[in-house]
Amino acid sequence: MNLTRWSARLPGTQRRIAAANKAAKSAKPPSAHTGAGGAGEGTGPGAVPAARGERGRPGPSALAEQLAALSVQDVLGQVPALIAVTYGPDHRVGYVNDAYTEVFGPREPGEPARNALPELAGLGLLPLMDQVHRSAKPRTVKARKVTWTGAGSGAGRHGYFTFTCTPLKGVTEGGDDETAGVLIFAADVTDQVQAAERLRTSERLQREAAVTLQRSLLPQELEQPDDLRVAATYQPGGTDAAVGGDWYDVITLGAGRTALVIGDVMGRGVRAAAVMGQLRTAVRAYARLDLPPHEVIQLLDGLAAEIDATQIATCIYAVHDPSEARLSYASAGHLPILVRDPDGTIARAEGPTGPPLGTGGWLHTSGSVSLEPGATAVLYTDGLVERRESDIDEGVAALEQALAGATGTPQVICDRLLRALGVTAEHDDDVAVLVLQHPSRTGPDAELFRNASLDLLGGVEAAPRARAFASGVLASWRFPTELRDLGVLAASELVANSLQHGTPPMRLRLRRTDRRLIIEVTDGDDHLPRRRRAEPGDEAGRGIAIIATVASKWGSRRTLGGGKTVWCEFALP
């Protein structure tokens, strides 16, 4: 193997040999071995022939001379972008390259652009070219859609091009520079435009999926209590796929009472939505226990720390009792409830507010606010009133002003509050609003909502008095005989249970709405009854079983002042 000849092919070998030969030539005169043909270098003894790939290749100087010999038209003709050159104030065609001709067809030189280049007029570039000619400054328009007919196929094609109009300088007879023409350079950006469109479509689909997930965790349809009119709205914030953790709920507790909840899990994304869903489910479970508001918030506080100690959530849990015309509530770091009284006065629920859920170590308490017939209350999240450029108290004050002038149904009030606070589809934060009204009923409607109560002093005569009272009231309300008999039986059993297991003071209350009859007995003992199976030989334990059999629903709860209330209800025919 000729190692010397093979090594000459290695990278760098030829350069090193050439450098060595050049140094040798400069150090001594040409040797006698150089013939007339000038073949001395690389042909003398010990010289290494050039690699086959190097033979016949022009040197750098020759390449430079070839490039220098190219005309401007030769250079522009090889550019893949669309290029046209115009001259004069009326933009007469001076040159179009092959790429331009392939898309728009050949153009006649010397013709004004308005006639010879109608495609530029259709793209609105002629006024831009006038500006470039006058100002001698380049202008660019991005991603213009261009439609043309494919060569040979006749089928229509389209793409997107970014057009840059650049002034071309010329020299006047006086030696001054002026704009002699305009060079139109159109770069094909079809791939970039299509990629951006695909990205936007993907982001839109992701956001729609995220919003769908968020809405699926919210109530699909609000429960409508007998004594309240309720509406809610949720407005996702921003345009990204990361939805927030705002939520609300309406829960009927039985006996005409209603729980209303609104909360906000800080942060955005799937994690915030997941925590929100768990808290909402927990609230519904705790609400079934019919606990006071502060006890529900206390339970949520412990649960939130177990779900995710790094997530901060605020919440208000409120309970409306139509018999008392009040809204009792407990708040964990949430914004205050706003109430508009029947006379139009706006009041804030300034009761005790604890820290956000998950902090632990805080003993929450309940407060209450009046909600008389004709009043409206609003529960909301911070996205409705919080703005970067102003204090949140200013936002709450703006909401008070908007609520003072907002009338109509709860849904109409929701929409008006959003408009008044400037919440649009581009709002940067999620917004949840819950509006409830305690309607003032008159005329025939008032006859469908009635109350009657009787204080029981105890003793053997209490049960007969309760039966007689219930029978008279139900007869005056013109209930069917069957429903009246069941109501008297239920009132008798509840009173008997209270006389046997409760303590004074005792009260029997009858309520009717347009959909149900409610019977309640309250006493001073806080031991809650439970349904149990009575054995054949037992003399007691059947009263609650009878109530559960004849009534549509029954339940019990502890009262805030101590004691309990046992209730049952019948659906009206």
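Here are some short exercises on the salt bridges of this predicted model.

**Exercise 1.** Find the residue that forms a salt bridge with Arg107, and work out whether this partner is buried or exposed.

*Solution.* Start at the side chain of Arg107: its salt-bridge partner is Glu119, with the closest N and O atoms 2.7 Å apart. Next, place both residues in the chain. Arg107 sits in the loop between helix H5 (98-104) and helix H6 (113-116), while Glu119 belongs to helix H7 (residues 118-122), 12 residues apart. Finally, check the accessibility: buried means under 20% relative accessible area, and Glu119 has 12%, so Glu119 is buried.

**Exercise 2.** Which elements does the salt bridge between Arg284 and Asp249 tie together?

*Solution.* First look at the contact itself, where the closest N and O atoms are 2.9 Å apart. Arg284 lies in helix H10 (residues 270-287) and Asp249 in strand E7 (residues 244-254), so the bridge joins parts 35 residues apart in sequence. Now turn to accessibility: Asp249 is buried, at 2%, whereas Arg284 is partly exposed, at 21%.

**Exercise 3.** Locate the salt-bridge partner of Glu400.

*Solution.* Follow the carboxyl group of Glu400 to Arg348, where the closest N and O atoms are 2.5 Å apart. This pair links helix H12 (residues 392-405), which holds Glu400, with strand E12 (residues 346-348), which holds Arg348, 52 residues apart. Arg348 is partly exposed, with a relative accessibility of 28%.

**Exercise 4.** Which residues are linked with Arg515 in a network of salt bridges?

*Solution.* Select Arg515 and trace the network: its other members are Asp226, Asp514, Arg516 and Glu569. To finish, set this against the total for the model, which is 22 salt bridges.

Notes
Residues are numbered from 1 along each chain as its sequence is written. This is a predicted model: local features need pLDDT of at least 70, side-chain atom pairs count only at pLDDT 80 or more; totals for chains, interfaces and linings use all residues. Side-chain values use heavy atoms; hydrogens and water are left out. A salt bridge is a side-chain nitrogen of Lys or Arg within 4 Å of a carboxyl oxygen of Asp or Glu. Helices (H or I, at least four residues) and strands (E, at least two) are DSSP runs, numbered from the N terminus. Buried means under 20% relative accessible area, exposed over 50%, partly exposed in between (1.4 Å probe, protein chains only).
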